[in-house]
Amino acid sequence: MQIDAIEEGLKSCFDIRFVFNRWTLGDAFCKDVLGFSDAQLADISFDMLRELGFSRAEVDECNLYVCGAMTLEGAPHLRKEHLPVFDCASPCGRIGKRSLSWESHIRMMAVAQPFVSGAISKTINMPNLASVEDCKRAYELSWSLGLKANALYRDGSKLSQPLSGSLLNEEDLEDLLDDQVPLGEKAHKVAERIVERIIEREAPKTRRKLPHRRKGYTQKAVVGGHKVYLRTGEYDDGEVGEIFIDMHKEGAAFRSLMNNFAIAISIGLQYGVPLEEFVDAFTFTRFEPFGRVEGNDAIKMSTSILDYIFRELAVSYLGRNDLAHVEPDDMRMIPWAMASMKSCLKLALWLPIRLPKPLIKCWGWHRTAMCAPIFMC
């Protein structure tokens with residue numbers, strides 16, 4: 001019965017260790033026959049095959065036979081000179097070493113670029129060992145071949161990347177003690193794990209609550225014809241810790257949704273989520289209402305209510321003037337410009353001019369009109 005269950009699970013698994021567990025074999029069999037305890041079975045890191053005496057080399061060999069190598073490297077009856085035909089953007093599987101060079105990505109894009117009016121949305125994959133000089137050469141080659149865009153990605157440059165052909169587990173840490181491993185590679189692996197531990201350790205475990213009496217500001221604006229009131233609450237050091245969003249002339253369901261969204265953002269800020277993460281996530285989102293923004297000195301257009309709110313927070317608390325439509329220097333010129341316009345209007349009252357009759361008829365005026373030549377000031 002257990003053998004049938006294991007063979008059924010092996011049909012869809014990526015690693016045989018995921019099949020040898022309490023859910024496949026049953027708790028009674030694991031405890032009565034194999035002799036495992038409840039604590040062992042409840043431990044999510046428990047490796048049943050390791051406890052049964054199988055070495056890592058034996059498990060890897062079984063994985064290659066049952067689950068496949070996920071690569072054609074080392075396959076029988078395949079010549080070495082034919083392997084480049086099957087190369088992918090990154091090494092495949094646990095044992096794969098081959099991949100397309102970054103130069104091949106660029107030259108392939110250069111062939112298609114003359115037939116495309118815009119830039120090509122294509123990532124240029126680079127191996128983990130790529131240097132700064134390699135990145136420089138990639139940009140220079142893209143420029144010389146006439147590409148309109150170049151998006152480089154070095155494998156492993158993010159601690160959590162969405163796609164990876166081979167993942168390291170805890171047993172791979174034993175390789176760091178091997179004297180045959182180069183010192184640079186060993187330091188690179190250790191550094192990655194230290195950074196992961198520091199990030200996990202430094203994440204706040206408790207909520208940093210705001211003082212009962214706190215400062216902040218209220219910003220009123222009109223986004224696409226809808227009034228929006230943004231209110232903020234700050235810590236004593238001036239860092240934002242909460243937001244409130246009020247909208248008028250909206251249904252009760254939409255107002256409640258925005259209020260609860262603001263509460264969720266506030267809780268995230270108080271638990272240490274950086275405001276930059278929210279800004280990157282919600283700016284440039286597009287849904288109604290959107291359009292022209294009135295009442296805000298720095299922001300004049302938005303693609304949604306959330307886009308406007310986080311643009312405003314980014315400008316006010318992060319100094320992200322790249323998300324504003326009016327630079328701070330231009331804002332300081334507005335009072336001077338308004339004063340100059342008032343002076344021009346006053347001067348125009350003392351300089352009446354008579355408009356030509358055809359122009360008067362065109363405007364629908366039947367008497368002498370006054371014109372304030374603002375354009376002359």
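**View 1. T218 and its partner across the β3–β4 pairing.** In this predicted model, T218 sits opposite R231 of β4. The two strands here are β3, covering residues 218–223, and β4, covering residues 226–234. They run antiparallel and are held in register by six bridges.

**View 2. The open, five-stranded sheet.** Pull back from T218 and R231, and the rest of the sheet comes into the frame. Reading across, the order is β5-β4-β3-β6-β7, with antiparallel pairing. The edges belong to β5 (240–247) and β7 (301–302). Each of these has a single partner strand, so one side of each is left without a neighbour in the sheet. As a reminder, strands of a sheet pair through backbone hydrogen bonds, either parallel or antiparallel.

**View 3. Helix α12 lying across the sheet.** Here we add α12, made up of residues 305–318. The helix lies across β3, β4, β5, β6 (291–294) and β7. Relative to β4, α12 runs at about 40 degrees.

**View 4. The loop between α11 and β6, with a cis proline and a positive phi.** Two backbone oddities share this loop, which links α11 (275–282) to β6. One is P289: the peptide bond leading into this proline from E288 is cis, and its omega is near -5 degrees. The other is F284, also found between α11 and β6. F284 isn't a glycine, yet its phi is positive, near 70 degrees. Is the F284 side of this loop buried or exposed? F284 counts as exposed, at 55% relative accessibility.

**View 5. H77, another non-glycine residue with a positive phi.** For H77, phi comes out near 65 degrees. This residue lies in the loop between α6 (56–66) and α7 (102–112). H77 is exposed, with a relative accessible area of 85%.

**View 6. Cysteines without a disulfide.** How many disulfides does the model have? The count is zero. C88 is the one to zoom in on here: the closest cysteine sulfur belongs to C92 and lies 3.7 Å away. A disulfide needs the two sulfurs within 2.5 Å, so this pair is too far apart for a bond. C88 is partly exposed, with a relative accessible area of 33%. C30, on the other hand, is buried, at 0% relative accessibility.

Methods:
Residues numbered from 1 in each chain as written. Predicted model: local features only at pLDDT ≥ 70, side-chain atom pairs only at ≥ 80, totals over all residues. Heavy atoms only, no water. Buried < 20%, exposed > 50% of the residue type's maximum accessible area, 1.4 Å probe, protein only. Pairing = 2+ DSSP bridges. Helix = DSSP H or I, 4+ residues; strand = E, 2+ residues; numbered from the N terminus. Contact = heavy atoms within 4.5 Å. Axes fitted to C-alpha atoms, helices over the stretch in contact; angles between N-to-C directions.
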